[in-house]
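Biologist: I'm new to this one, and I'd like to learn how to read it piece by piece. Can you put it up and walk me through it?

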Amino acid sequence: MAELGSKGVTAGKIASNVQKKLTRAQEKVLQKLGKADETKDEQFEQCVQNFNKQLSEGTRLQKDLRTYLASVKAMHEASKKLTECLQEVYEPDWPGRDDTNKIAENNDLLWTDFHQKLVDQALLTMDTYLGQFPDIKSRIAKRGRKLVDYDSARHHFEALQTAKKKDETKIAKAEEELVKAQKVFEEMNVDLQEELPSLWNSRVGFYVNTFQSIAGLEENFHKEMSKLNQNLHDVLLGLDKQYSGNAFPVKAQPSDSTPAKANKSPSPPPDGSPITSPETKTVNHELEPSTLEAPGASIPKSPSQLRKGPPVPPPPKVTPSKEIKQENIISLFDDNFVPEISVTTPSQPAEAAHAGAEAAGSEAAGGAETSKTEADSGSTSLPAVVVETFPATVNGTVEAGASSERADMPPGFLFKVQAMHDYTATDSDELQLKAGDVVLVIPFENPEEQDEGWLMGVKESDWIQHKELDQCRGVFPENFTERVQ
């Protein structure tokens, strides 16, 4: 029996709620059609507008504050890695090593303290401030429903009073329902009329306290950090003074103390062929300075006179060939070329050289004939430096790959970025990033929704797996990434 009674009460309550919803819906339709008047309070409506504005501003401030804290944490990690690098390169016998270690420790503690105080004095205060809005928002919505109930009861009572056949019992009951609805509405209305203006005015003090706390924390942080930087500057200045008189020789630079073996001619190969023969000579890019002295050539006295242009990267190794294209021979006496090469005896037989000639192509015959003429005349010829160009198929492969990759990108794809730091998403529309994640950047559907410093994209791994933007795309802070393509 108790269960039946309980079920009966529950069923009755459900029926009552359903009836209320139907009555409210009917009343709203009549009000929109202009067939029923609506009780309005312009002052309260203004308070509601202020409330919604205050909630929107607070939510944005909370989001930006979380982004700021994430940036502080990322900067802390970057600073920590930088000081660790300094500790690794600072050699034990250098003065001030202990000081640099202490500065690095204090640097880490200062960043940690700064981040924690921002959380305690700004973020937690922000969370507490926004915590009161959901309850008030719920009460505003309930007040609106009670206002509809009041209007409905008032219209019902008025309809019974103006009816031709009056039923005093129904009129009395309708009047009782009207008084009850009016009382419930007015109680909620009075409370909100007092709370909403007070909440609106409290925003000024909250914003002042929040930004004063952030500014004060930043000021103290930068003061302490400047002291550490000054200490580090002094330590490194002492290191510079102690070692500033030391010379730093360039090992690749030829010096006056070069052994006499540089003037020695290379030994002929075991088969007795001349070293100037283009069929057997090998190009080596470490030519001794003495071998540059050829008849009729004007050669600078020191390597510094050769270095007029930018340094030239070493050419790729090639197989020597009989046939060398003339335009691929670089003059050793050009002012813009600084080789450090030497001629050595080849180890490969003439057959390998001939195979290399076939791979190089028949277009290089002119250069080989010139070298052979010099060899037959018995003159001492200088080695030719051969520059190998990359095959066209390499570029073709890259271009084809890039084209296919572009075709496989999401619609509107702009470019790729890679996450340099971890980023924890704070809203459902944000991407969760780990350092190293590749993100495909796409445009916003509505450009007006894009906030400064934020990009829209989809993680490459999610796009490859799902191929759906609606489930995978989201916004992320641009300063946490680096453009890679």
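Biologist: Which residues of β6 are buried on its two faces?

Modeller: The general idea first: buried means under 20% relative accessible area, exposed means over 50%, and partly exposed is in between, with a 1.4 Å probe and protein chains only. In β6, Gly474 and Phe476 are buried on one side, and Val475 and Pro477 are buried on the other, so to speak a strand covered on both faces. Keep in mind that this is a predicted model, where local features need pLDDT of at least 70, side-chain atom pairs count only at pLDDT 80 or more, and totals for chains, interfaces and linings use all residues. Residues are numbered from 1 along each chain as its sequence is written, and side-chain values use heavy atoms, with hydrogens and water left out.

Biologist: What is the order of the strands in the sheet?

Modeller: Strands are DSSP runs of E with at least two residues, helices are runs of H or I with at least four, and both are numbered from the N terminus. Two strands pair if DSSP finds at least two bridges between them. Here, five strands form an open sheet in the order β6-β5-β4-β3-β7, with antiparallel pairing. Its edge strands are β6 (474-477) and β7 (481-483), each of which pairs on one side only. On average, neighbouring strands of this sheet are turned by 50° against each other, direction ignored.

Biologist: How many bridges join β5 to β6, and which residues face each other?

Modeller: Strand β5 (residues 454-459) runs antiparallel to β6, and four bridges join them. Glycine 457 is opposite glycine 474 in β6, while leucine 455 has phenylalanine 476 of β6 as its bridge partner. Four bridges also join β4 to β5, again antiparallel, and there valine 441 stands opposite glycine 457.

Biologist: How many residues of β5 are buried?

Modeller: Six of its six residues are buried. Trp454, Met456 and Val458 lie on one side, with Leu455, Gly457 and Lys459 on the other.

Biologist: And why does β3 count as largely enclosed?

Modeller: Because four of the five residues of β3 (residues 415-419) are buried, the strand is largely enclosed by the rest of the structure. Four bridges link β3 to β4 (residues 438-442) in antiparallel fashion, with lysine 416 opposite leucine 440. β3 also pairs with β7, antiparallel over three bridges, where valine 417 stands opposite arginine 483.

Biologist: Let's turn to helices. At what angle do α2 and α3 pack?

Modeller: Axes are lines fitted to C-alpha atoms, for helices over the stretch in contact, and angles run from 0 to 180 degrees between N-to-C directions. Helix α2 (residues 42-89) packs against helix α3 (residues 97-131) at about 170°, with the axes 10 Å apart. Angles under 35 degrees count as roughly parallel, over 145 as roughly antiparallel, 65 to 115 as roughly perpendicular, and the rest as oblique. That is why α2 and α3 are roughly antiparallel to each other.

Biologist: What about loops? Where does lysine 467 lie?

Modeller: Lysine 467 is in the loop between α9 (460-466) and α10 (469-472). Its phi is near 60°, a positive value in a residue other than glycine. Lysine 467 counts as partly exposed because its relative accessibility is 37%.

Biologist: Is lysine 166 buried or exposed?

Modeller: Lysine 166 counts as exposed, because its relative accessibility is 54%. It sits in the loop between α4 (133-162) and α5 (168-243). For contacts, the rule is heavy atoms within 4.5 Å. Leaving aside neighbours within four places in sequence, lysine 166 is in contact with Leu160, Gln161 and Ile171.

Biologist: Last one: how many helices and strands does the chain have?

Modeller: The chain has 10 helices and seven strands. Of its 485 residues, 30% are buried. Among contacts between residues at least 6 apart in sequence, 76% join residues at least 24 apart.
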